Amino acid sequence: MGDFHEIISIDEKEGGNRRSSRQMENFRDTLDMCRLRDLDYRGCKFTWSNGRLGVNQIRSRLDKCVSRAERMSLFPMASVSYDSSGTSDHCPVLLSLMLATIIREEREFTRFEAMWVRDKKCAEIIKGAWCDDDTRDGTCKVFNRIRNCRERFSTWNKDIVGCLSRRIKDKKNGYSEVQRPEAI
């Protein structure tokens, strides 16, 4: 994502001298060679302006969000929007990945408890989840490892540590760990 100082096609520029077809073609070829595609957007058509009015005004779509298709498949609800410019000659660009929504729909989140680091099993869980053989690259691998940690900590918390929030609630209400409300 950023200011590429180049346009993909002639309809991405208004005013000023015509852009060389060769320059636009070279830019498109570079994106293709890197297997990048320009993401769809909403909002302003032009992201840069020279700040002049009338016949002297030049506007272009220089700011773009590009990505590989396989990366964007991780974020099917991603969106790009350009807002009208305030004080800058470039429009603000907002890339919304909506990852939090995807994770919440996938499963309940697990809060990391500070007390876990006191247990030697904590480091073992992290090492085990982080060292799994994963042939994916980059961001996908990191998300997978984080998910593995979350799943392992969730299981460990339920099976070994016990339901911490329930134990705290019971202690506040005056019940011992053996004596639960159901038993009364």
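Me: Let me start with a term: a residue counts as buried when its relative accessible area is under 20%, as exposed when it is over 50%, and as partly exposed in between. What share of the 184 residues in the protein is buried?

Reply: Keep in mind that this is a predicted model. In it, 24% of the 184 residues are buried. As for the surface, the protein exposes about 12,900 Å², with carbon and sulfur atoms supplying 52% of that area.

Me: What does the pLDDT average for the protein?

Reply: Think of pLDDT as the predictor's own confidence in each residue, on a scale from 0 to 100. Here the average is 76, and 71% of the residues score at least 70. Two stretches deserve some care. Over residues 100–106 the pLDDT stays under 50, and the model gives them five contacts beyond four places in sequence. Residues 178–184 are also below 50, with nine contacts beyond near neighbours in sequence.

Me: How many helices and strands does the protein have?

Reply: You'll find six helices and 10 strands. To see how the chain comes together, look at contacts between residues with a separation of 6 or more: 55% of those in this protein link residues 24 or more positions apart. For one pair to try yourself, take serine 20 and isoleucine 10, which are 10 residues apart in sequence and 9.0 Å apart in space, C-alpha to C-alpha. Serine 20 belongs to the loop between β2 (13–14) and α1, and its relative accessible area of 30% makes it partly exposed.

Me: Now salt bridges. How many turn up in a search of the whole structure?

Reply: The idea is a side-chain nitrogen of Lys or Arg sitting within 4 Å of a carboxyl oxygen of Asp or Glu. The search finds six of them. A good one to begin with joins the side chains of glutamate 12 and arginine 61, at 2.9 Å from N to O.

Me: Which parts does the pair of glutamate 12 and arginine 61 tie together?

Reply: Glutamate 12 is in the loop between β1 (2–3) and β2, while arginine 61 is in the loop between β6 (59–60) and β7 (63–64), so their bridge connects parts 49 residues apart in sequence. Arginine 61 is buried, at 2% relative accessible area, and glutamate 12 counts as buried too, at 10%.

Glutamate 12 also meets the side chain of lysine 64 in a salt bridge, again listed at 2.9 Å, N to O. Because lysine 64 lies in strand β7 and glutamate 12 in that β1–β2 loop, this pair ties together parts 52 residues apart in sequence. Both lysine 64 and glutamate 12 are buried.

Me: Where do lysine 121 and glutamate 124 lie?

Reply: Both are in helix α4, three residues apart, which is about one turn of the helix. Their side chains form a salt bridge at 3.9 Å, N to O. Each partner is partly exposed: lysine 121 has a relative accessible area of 35%, and glutamate 124 has 44%. Going back to the earlier bridges, shared partners join Glu12, Asp38, Arg61 and Lys64 into one network.

Me: How many disulfides does the count come to?

Reply: A disulfide is a covalent bond between the sulfur atoms of two cysteines. The test asks for two cysteine sulfurs within 2.5 Å, and the count here is zero. For cysteine 122, the nearest cysteine sulfur is that of cysteine 149, 8.8 Å away.

Me: Why is cysteine 149 not bonded to cysteine 122?

Reply: Because 8.8 Å between the two sulfurs is too far for a bond. Both cysteines are buried: cysteine 122 has a relative accessible area of 4%, and cysteine 149 has 11%.

Me: Which residues make the nonpolar surface patch?

Reply: Such a patch gathers nonpolar side chains on the surface. Ile126, Trp130, Val142 and Ile146 make this one, covering about 320 Å². The elements giving two or more residues to it are α4 (120–130) and α5 (138–161). Tryptophan 130 lies in helix α4 and is partly exposed, at 34% relative accessible area.

Me: One last thing, backbone angles. What is the phi of arginine 35?

Reply: Most residues other than glycine have a negative phi. Arginine 35 has a positive one, about 55°, although it is not a glycine. To find it, look in the loop between α1 (21–33) and β3 (37–38).

Conventions:
Residues numbered from 1 in each chain as written. Predicted model: local features only at pLDDT ≥ 70, side-chain atom pairs only at ≥ 80, totals over all residues. Heavy atoms only, no water. Contact = heavy atoms within 4.5 Å. Patch = residues over 30% accessible without salt bridge, like charges linked within 9 Å, V, L, I, M, F, W, Y side chains within 5 Å. Areas by Shrake-Rupley, 256 points an atom, 1.4 Å probe, with all protein chains shown as cover. Helix = DSSP H or I, 4+ residues; strand = E, 2+ residues; numbered from the N terminus. Buried < 20%, exposed > 50% of the residue type's maximum accessible area, 1.4 Å probe, protein only.
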